[in-house]
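Student: I should like to learn how to read the features of a protein model. May we work through one together?

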Amino acid sequence: MAETNTVRLTTTAKAAGCAAKLSPSILDAVLKRLPHQTDSNVLVGFETSDDAAVYRLTDDLALVQTVDFFTPIVDDPALFGQVTAANSLSDVYAMGGRPISALTIVAFPASSPPEILEEILRGGLAKMIEANCTVVGGHSIRDDELKFGYAVTGLIHPDGVWKNVGAQPGDLLIFTKPVGTGVISTALKQGRAEAAWVAASTASMTRLNRDAAEALHELEAAQTPNGRGDAAKSNRSIHAVTDVTGFGVLGHAREMAIGSGVSLKIDHARIEYLTGAVEASRGGFFSGGMKNNRDFVESCVEFQGSVPAEFRALLFDPQTSGGLLVAIAPEAASSAVAAMQRRNVPARIIGEVVARRHPLIEIS
């Protein structure tokens with residue numbers, strides 16, 4: 001096993017983690033040209049760029065389906081497996097679902113030691129076991145660049161789906177994890193990251209969003225004790241949820257704002273940043289994914305002059321296994337944050353939803 005400790009996985013990839021995603025501008029242009037399929041059981045498809053698809057099986061049961069894989073964002077194989085598992089599971093939690101099964105996706109260099117693959121699989125399996133999600137199989141190919149991930153299936157009641165659209169003027173914005181995994185992973189790849197930065201980033205990326213989602217479910221259950229249906233949905237205070245990953249805080253906020261027909265105001269000082277994130281941003285450890293995000297989103301964002309450049313960059317930073325961004329009725333926001341903090345989730349209120357105007361997103 002000694003050989004697994006001598007290979008720095010991040011040096012084997014051109015881009016790390018969710019920073020390896022295709023440019024959002026390319027995806028946006030391509031998806032708009034595709035024909036739309038008609039199936040009344042598709043409750044959530046790709047039209048709104050949501051976190052996962054939802055397919056209704058019966059009046060009381062639907063599937064949540066998602067797939068995520070990427071290149072190494074940490075050097076340790078087992079931790080890489082854990083990060084990819086947590087990231088893949090996050091989409092199901094962001095929709096309000098409960099993950100039940102997963103299929104493994106592996107692209108592995110034929111010249112690499114098989115012990116590395118074993119450690120990656122072992123790490124991912126450990127995180128799936130923690131989530132009570134059963135790994136039932138998978139598919140592997142030879143590839144010069146290592147890639148790993150999962151296709152995850154979850155269950156949900158059709159009336160209980162959280163979407164990334166539906167935010168209403170007056171809502172407050174809650175975010176549940178600190179920001180900065182992209183700049184830290186880029187610094188790590190270049191051999192410039194401090195150990196404390198990597199430790200903080202890895203701890204955040206390997207943490208499941210399950211606790212945050214369960215806190216929101218607790219809030220919903222208290223609000224709708226009589227169950228599901230139109231009346232229960234109308235009483236909801238949770239209006240939109242998405243997880244922040246490769247398109248960064250502002251990329252995913254843009255999708256929420258456009259899909260909901262609203263604008264957002266975000267206070268950069270209310271956001272928590274990972275240990276070392278600000279220093280890494282000041283050091284210019286920016287990925288190609290950050291540039292793609294900035295190019296695509298910047299035209300609809302207005303920064304007040306008081307926002308320093310390093311914080312502006314961090315809001316475009318591609319996140320891997322990032323937190324949940326929640327638009328919630330103002331009267332429920334404090335209760336939601338308190339429920340999360342009881343579960344040691346570092347949730348914060350970072351902004352508010354306002355009526356549609358220019359700019360789409362304002363950062364103070």
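Tutor: The turns below take up nonpolar cores, a helix pair, backbone geometry and a few single residues. Please keep in mind that this is a predicted model.

Student: Let us begin with the interior. Which residues of the largest nonpolar core touch the most other members?

Tutor: The general idea is that in soluble globular proteins, nonpolar side chains tend to be buried together. Here the largest nonpolar core has 54 residues, and I174 and I328 touch the most other members. Helix α2, residues 77–94, supplies the largest share of this core, namely eight residues.

Student: What is I174 in contact with, leaving aside its neighbours within four places in sequence?

Tutor: Its contacts include L324, L325, V326 and I328. A333, A336, V337 and M340 are also among them, as are A347, R348 and I349. Apart from this core lies another, of 44 residues, with V183, V297, F316 and L325 among its members.

Student: Helix α2 has been mentioned. How does one describe its packing against α3, and at what angle do the axes cross?

Tutor: One looks at the approach of the axes, then at the angle, and then at the handedness. The axes of α2 and α3 come within 6 Å and cross at roughly 40°. The two helices are therefore oblique to each other, and their crossing is right-handed.

Student: Which residues make that contact?

Tutor: From α2 come P77, A78, F80, G81, Q82, A85, A86 and L89. From α3 come I116, E119, I120, G123, G124, K127 and M128. By character, these residues divide into nine nonpolar, four polar and two charged.

Student: I should next like to read the backbone. Which residues have a positive phi although they are not glycines?

Tutor: Two cases may be taken in turn. N132 has a positive phi of about 60° and is not a glycine. N132 lies in the loop between α3, residues 114–130, and β5, residues 134–142. N344 likewise is not a glycine, and its positive phi is about 65°. The place of N344 is the loop between α12, residues 330–342, and β12.

Student: Are these two residues buried or exposed?

Tutor: N132 is exposed, because its relative accessible area is 62%. N344 is exposed as well, with a relative accessible area of 60%.

Student: Where does a cis peptide bond occur, and what is its omega?

Tutor: One reads omega for the bond that joins two residues. The bond between H358 and P359 is cis, with omega about 5°. P359 is located in the loop between β12, residues 348–355, and β13, residues 361–363.

Student: How should I read the surroundings of a charged residue? Is E145 buried or exposed?

Tutor: One reads the accessible area first and then the contacts. E145 is found in the loop between β5 and β6, the latter being residues 147–156. The relative accessible area of E145 is 19%, so this residue is buried, the cut-off being under 20%. Leaving aside neighbours within four places in sequence, E145 is in contact with T12, A13, K14, T71 and A107.

Student: Where does R254 lie, and what does it touch?

Tutor: R254 lies in helix α8, residues 248–260. R254 is buried, with a relative accessible area of 17%. Not counting residues up to four places away in sequence, R254 touches F296, V297, C300, L360 and I361.

Student: Finally, how does one set separation along the chain beside separation in space?

Tutor: One states the two quantities together for a chosen pair. S25 and V297 are 272 residues apart in sequence, yet their C-alpha atoms are 8.9 Å apart in space. S25 is found in helix α1, residues 24–33, and is partly exposed, with a relative accessible area of 34%. For R254 and K127, 127 residues apart along the chain, the C-alpha atoms are separated by 30 Å.

Student: What is the separation between S111 and D143?

Tutor: Their C-alpha atoms are separated by 9.7 Å, and the two residues are 32 residues apart along the chain. S111 lies in the loop between β4, residues 98–108, and α3. S111 is exposed, with a relative accessible area of 72%.

How values were computed:
Residues numbered from 1 in each chain as written. Predicted model: local features only at pLDDT ≥ 70, side-chain atom pairs only at ≥ 80, totals over all residues. Heavy atoms only, no water. Core = buried A, V, L, I, M, F, W, Y, C linked by side-chain atoms within 4.5 Å. Buried < 20%, exposed > 50% of the residue type's maximum accessible area, 1.4 Å probe, protein only. Helix = DSSP H or I, 4+ residues; strand = E, 2+ residues; numbered from the N terminus. Contact = heavy atoms within 4.5 Å. Axes fitted to C-alpha atoms, helices over the stretch in contact; angles between N-to-C directions. Parallel < 35°, antiparallel > 145°, perpendicular 65-115°, else oblique. Left-handed = near helix turned anticlockwise from the far one by under 90°. Nonpolar A, V, L, I, M, F, W, Y, C, P; charged D, E, K, R; others polar.
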